[in-house]
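Please open the structure in a viewer and keep the sequence panel visible beside it. The tour below proceeds by selections, each followed by a description of what is found there.

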Amino acid sequence: MRRLIKSWLKAGVMDNGTFSSTNEGTPQGGVISPLLANIALHGMENAIWNHANSIKGKKRHYKTGLSLVRYADDFVILHQDQTVVEECLEVINKWLLDMGLELKPSKTKITHTFDGFDFLGFNIRQYKVGKHHTKQGFKTIIKPSKEKVLEHYGQLSNVIERHKAAPQEALISHLKPIIRGWCNYYRSVCSKETFSKLGHMLWNKLQRWGYRRHPKKSKTWVINKYWGTIGGDNWVFMTNEDNYLPKHAKTKIVRHTKVKEARSPYDGDLIYWNTRMSKHPEMTSQKGILLKRQKGKCAHCGLTFREEDLLETHHKIPRANGGSDNLKNLELLHLHCHDEKHRIGIQSKRQESNTDSSELDENPF
């Protein structure tokens, strides 16, 4: 495969055929910048496919394997034929001219996927493998890019340098959100080895921070003061069990599941988005967790919940019998399944009471 990656657009305004650069407006990297880019560049995919449908003779070759992946103003075009990629580049250049935009040559390049490329902070590369690994002859591995790894470590180092004289609690409070945010962004790809390396680098940095604060104390004393044990791990940078620095390597890898078609968190389909994310602003977190745990299915009838279904939380062991509100004791049911389950429970209790009363009548003594 070969790919084309675009990572920057020169923006401006066309007025009577004259291009003028814009020096004011939303800054690059602003909060609303990705949204504005999505609005402005909406339709880029259609321009590519319209061109593919207009090709005569080699339409099937052109469309087979052609894909465009875009996030805001960054996009990648993939195809096994370099000629097709170059044609797509020309199509996009013509399409952008109507809006007064153009691709930045220094950040637009064509390369082979075996050489790898960086996209949105990830390094995407295909590695050749033996025939016993995969029929394709290669394996695609996505990792954090080297540039972003060094940038993250540099950010951690700067925080430590700025807190040379600060107490350990303050240092942990500044490092914790940085580590959690970075790890959550990269936990969906092959990041385990990267997390482990960053953990060792940060450990060395923190050790030097402790030795510098207590130059007259032994290394053992410094380690015992700033490091403790949690869950069998003897090297946790902590003040107490409630305040410790999370480790990169402790982050669980959770594979990303692609969003179906043109779905949006605002399309009203709470069932799909709660099954996917286990949270939604219009549904409680408790129901979201249960929905994800049950894989979007009713625990009573086994049918998949639909958008219009009414959901009820059911206690497996009733609270009247000592059941708790713990998630282990809860399950999600359709409203009618919930009523049916309670009806069956009431009937069984009546049968038990009738059986007990009949036994008493037969054996009065």
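Select Lys143 first: with a relative accessibility of 31%, Lys143 counts as partly exposed (buried means under 20% relative accessible area, exposed over 50%, and partly exposed in between, with a 1.4 Å probe and protein chains only). Lys143 belongs to strand 11, residues 138-144; helices (H or I, at least four residues) and strands (E, at least two) are DSSP runs, numbered from the N terminus. This is a predicted model, in which local features need pLDDT of at least 70 and side-chain atom pairs count only at pLDDT 80 or more, while totals for chains, interfaces and linings use all residues. Residues are numbered from 1 along each chain as its sequence is written, and side-chain values use heavy atoms, with hydrogens and water left out.

Which residues does Lys143 touch, not counting residues up to four places away in sequence? They are Gly121, Phe122, Asn123, Tyr127, Val189 and Cys190, where contact means heavy atoms within 4.5 Å. Add Tyr186 to the selection: its C-alpha atom is separated from that of Lys143 by 7.9 Å, although the two residues are 43 residues apart along the chain.

**Strands 5 and 6**

Next, select residues 74-79, which form strand 6; six of the six residues are buried, so strand 6 is largely enclosed by the rest of the structure. In a regular strand the side chains alternate between the two faces of the sheet. Here Asp74, Val76 and Leu78 point one way, whereas Phe75, Ile77 and His79 point the other way.

Extend the selection to strand 5, residues 67-71, which runs antiparallel to strand 6 and is joined to it by five bridges (two strands pair if DSSP finds at least two bridges between them). Ser67 has Leu78 as its bridge partner in strand 6. Two residues lie between the strands of this hairpin, and Ala72 there takes a positive phi near 55°.

**Helices 2 and 4**

Now select helix 2 (residues 44-54) and helix 4 (residues 82-97), whose axes come within 10 Å and cross at roughly 130°. Axes are lines fitted to C-alpha atoms, for helices over the stretch in contact, and angles run from 0 to 180 degrees between N-to-C directions. That angle makes helix 2 oblique to helix 4; angles under 35 degrees count as roughly parallel, over 145 as roughly antiparallel, 65 to 115 as roughly perpendicular and the rest as oblique. Display Met44, Ala47, Ile48 and His51 of helix 2, which meet Glu87, Cys88, Val91, Ile92 and Trp95 of helix 4.

**The sheet of strands 12, 13 and 14**

Proceed to the open sheet of three strands, with the order 12-13-14 and antiparallel pairing. Strand 12 (227-230) and strand 14 (243-244) stand at the edges with a single partner strand each, so one side of each has no neighbour in the sheet. Three bridges join strand 12 to strand 13, residues 233-240, and Ile230 stands opposite Asp233. Helix 8 (residues 219-226) packs on this sheet, touching strand 12 and strand 13, and its direction makes about 50° with that of strand 12. Helix 6 (residues 168-186) lies across strand 13 and strand 14, at about 110° to strand 13.

**Helices 7 and 8**

Keep helix 8 selected and add helix 7 (residues 192-213): the two axes come within 10 Å and cross at roughly 115°. Helix 7 and helix 8 are therefore roughly perpendicular to each other. Their contact includes Trp209 and Tyr211 of helix 7 and Val222 and Tyr226 of helix 8.
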